[in-house]
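Open the structure and keep the sequence beside it. We will walk through it one region at a time.

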Amino acid sequence: MAYIDSILKESRVFYPSHEFSRNAHIKSMAEYSKIYKKSIEKPEAFWAEKAEQLEWFRKWDIVLRNDMGFFKWFEGGYLNACYNCLDRIIKSGKRDKIAFIWEPETGESEKYTYGQLLKEVCKFANALKKSGIKKGDVVEMYLPMIPELPISMLACARIGSIHSVVFAGFSSDALKDRVQDSKAELLITADGSFRNGKIIPLKDNADAALKDCPTIRKVIVVKRANNKVEMTNERDYWWHELIGSKDVSDVCEPESMHSEDSLFILYTSGTTGKSKGILHTQAGYLLFAYQTFKWIFDVKENDIYFCTADIGWITGHSYIVYGPLSNGATVVMYEGSPTFPKPDRFWRIIEKHKATIFYTAPTAIRALAKEGDDLPNNCNLNSLRLLGTVGEPINPEAWMWYYNVVGKKRCPIVDTWWQTETGGILITPLPGATPLKPGSAAKPFFGIVADVLREDGSKANANEGGYLVIKNPWPGMLRTIWNDPQRYRHTYFEKFGVYLTGDSAKIDEDGYFWIMGRIDDVIKVAGHRIGSAEVESSLVSHEAVAEAAVASFPHEIKGQAIYAFVVLKKNFKKSEELKEKLKQHVAQHVGPIAKPDKIQFADDLPKTRSGKIMRRILKAIAEGSKGYGNIMTLAEPSIVEALAKNRVA
Ligand code: PRX
């Protein structure tokens, strides 16, 4: 609630400098308004004009078609996403331009030019082919932030196989669920990954997952940590041996892909326990990543762009790999964490590589602000010209710290709102044009018609909170949920007939959007998207637990944290030790990011007479508020008082 209280009081406005605006792609609000109007009046013409900037093997026949609620873009067109990210850039004279600067947790940084990256991608693409991977096969990746991750994604794109990256912080159970759902044929992993000076045994996790994944025929292992691993004969192969083989060429013809062929699946949490495989296809996704990156990050030839996201999330897909590379940009990617060895890791990386654009999450900003101003002040951050945030609402105090201390009052901040499903940024300031209000994601990007609706589908008034919806299709939108088209329709289109984001928001009198958070059972913990149901089903899988329900509560650094109410089975005793065990259980089954901060043992949960858990009551208790609303519909209203009395502070 603190965030909402603070945005209600927010009235400061910050303007881009004349110099920034003069040099920007979009220079003023007048220009924004003019292009925006055109983009929503004639969206097909707008996107077709932009699509001309990509290189096509065959031009499309039709820009947009609504196939019974499933949207198709650029049908009849053929291209290759990898070709557009590498060969097209090289052909424009940038063979020797740096594509990636990789900053590892231990060891020296590495640089890859576009020319070198293309060779590595081609070698690995050929290795994949030799391993039996063909167009349309799914390849799963469970890799840390090492260059082999973008290389393997681009190699898949080159030969037309579908990549599905699983965040390396996820547990083996989470990996298993995703591999089973995607029916991947090959898994790429590493012998280990580094985080906070420790080695995480990725290959061991993968081995545990693969016991129940019969579709996986081969595993390719990157040697990263010199960690001892077991290699299964005829299933497991070392990356370096595969690409080191003499008959693996560094030339690989790109596959000609239809615009609506699948490019990748990325799993994300929803309102049920099973995560959703979000499907993105070739042309529309690539175009949207390309165009949003170009204008929102206002990218220029000499920029050094540093994005701190993990490629295991959509931010890494769109704004470390496809968006920046298709623009021929130089990207810094890093391995490790923002606070190791010291909480100046980001500032040191910016100083070392003279980064000009920096994109991170509000959680990181809050955590680093807490360390004081000296750490950023002791580094030379003068190279910066633009800052960005993503993943969760940024509270105005954190925004001001970012603006004053990191950006030295010179750098506009783009607070970019979007989702795994949207493929790219939908609501955002444009840095050379938009006056900034701390805590607001500002206005819709070109071609996006966003609105806030009431429960009955009518339009909310200015400053009235409601459901954030997108009323028109856009090229980067998800095409379906993998193996579950019914769930796609139901989740996103059933309620209002237009795309339902799952967020609540309000629009102020100037047309600025203020995102207030999830309206469904998804919790954003430190910017990570976690389904309440995933944590609940993990808790009830423990032998001591009869029932569990989770809610969120505001957290100073993480934005939101998880509060779990747990009813134990009869013969188990409540103890602090058991709470700790349950937390570890969730960490092991889902991943450390899903660990509840607080667990309260309860004798019962508040349910309606028909047995439905009343979540709003649990949320009020978790937040320490008395605003439970009406409790008389409960089967047992006295439970509420008992729960509130035993609340974990
Ligand atoms: O609740 C919104 C929040 O993150 C959700 C999407 O999460 P995910 O699919 O993991 O993608 C995160 C990276 C794009 C949204 O439904 N969110 C994302 N960006 C913002 C945000 N909330 C407020 N402000 C943002 N800028």
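The paragraphs below go from the cores to the cysteines, then to the charged pairs and the ligand.

Keep in mind that this is a predicted model. Start inside. The largest nonpolar core has 172 residues. Among them, Phe 74, Leu 117, Phe 124, Leu 154, Phe 297, Tyr 322 and Val 566 touch the most other members. Helix α12, residues 282–296, gives this core its largest share, ten residues. In soluble globular proteins, nonpolar side chains tend to be buried together.

Zoom in on Phe 124. Set aside its neighbours within four places in sequence. Phe 124 is then in contact with Ile 151, Ser 152, Ala 155, Ile 188, Ile 220, Trp 239 and Ile 243. A second core of 32 residues is separate from the largest one. Phe 14, Ile 394, Val 405 and Leu 436 are included in this second core.

Now turn to the cysteines. The structure holds zero disulfides. Take Cys 122, whose nearest cysteine sulfur belongs to Cys 252 and is 5.3 Å away. A disulfide here needs the two sulfur atoms within 2.5 Å, so this pair does not count as one. Cys 122 is buried, with a relative accessible area of 2%. Cys 307 is in no disulfide either. For Cys 307, the nearest cysteine sulfur is that of Cys 85, 15 Å away. Cys 307 counts as buried, at 1% relative accessibility.

Charged pairs come next. Side chains of opposite charge can pair when their charged atoms come close. The structure holds 46 salt bridges. One of them joins the side chains of Glu 55 and Lys 91, at 2.9 Å from N to O. Glu 55 sits in the loop between α4 (43–51) and β1 (62–67), and Lys 91 in helix α6 (residues 87–94), so the pair ties together parts that are 36 residues apart in sequence. Glu 55 is partly exposed at 24% relative accessibility, while Lys 91 is exposed at 56%.

Helix α6 also holds Asp 87. Which residue forms a salt bridge with Asp 87? The partner is Arg 158, with the closest N and O atoms 3.0 Å apart. Arg 158 lies in helix α8 (residues 148–159), so this salt bridge ties together parts that are 71 residues apart in sequence. Are Asp 87 and Arg 158 buried or exposed? Asp 87 counts as buried at 13% relative accessibility. Arg 158 also counts as buried, at 2%.

Move further along the chain. Glu 536 forms a salt bridge with Arg 615, and their closest N and O atoms are 2.9 Å apart. This pair links distant parts of the chain, 79 residues apart. Glu 536 belongs to helix α19 (residues 532–540) and Arg 615 to helix α21 (residues 615–623). Glu 536 is buried at 11% relative accessibility, whereas Arg 615 is partly exposed at 28%. Elsewhere, salt bridges with shared partners join Lys 203, Asp 207, Arg 235 and Asp 236 into one network.

Finish at the ligand. There are 17 residues around the ligand. Asp 415, Thr 416, Thr 420, Arg 518 and Arg 529 come nearest. Gly 391 takes part through its backbone: one of its N or O atoms there lies 3.1 Å from a nitrogen atom of the ligand. Side chains approach ligand oxygen too. An N or O atom in the side chain of Asp 503 is 2.9 Å from an oxygen atom of the ligand. For Lys 524, a polar side-chain atom lies 2.8 Å from an oxygen atom of the ligand.

Terms used:
Residues are numbered from 1 along each chain as its sequence is written. This is a predicted model: local features need pLDDT of at least 70, side-chain atom pairs count only at pLDDT 80 or more; totals for chains, interfaces and linings use all residues. Side-chain values use heavy atoms; hydrogens and water are left out. A nonpolar core is a set of buried Ala, Val, Leu, Ile, Met, Phe, Trp, Tyr and Cys residues joined through side-chain atoms within 4.5 Å. Buried means under 20% relative accessible area, exposed over 50%, partly exposed in between (1.4 Å probe, protein chains only). Helices (H or I, at least four residues) and strands (E, at least two) are DSSP runs, numbered from the N terminus. Contact means heavy atoms within 4.5 Å. A salt bridge is a side-chain nitrogen of Lys or Arg within 4 Å of a carboxyl oxygen of Asp or Glu. A residue is near a molecule or strand if one of its heavy atoms lies within 4 Å of it. A polar contact is a pair of N or O atoms within 3.5 Å; within protein, one must be able to donate a hydrogen and the other to accept it, and residues adjacent in sequence count only if both atoms are side-chain atoms.
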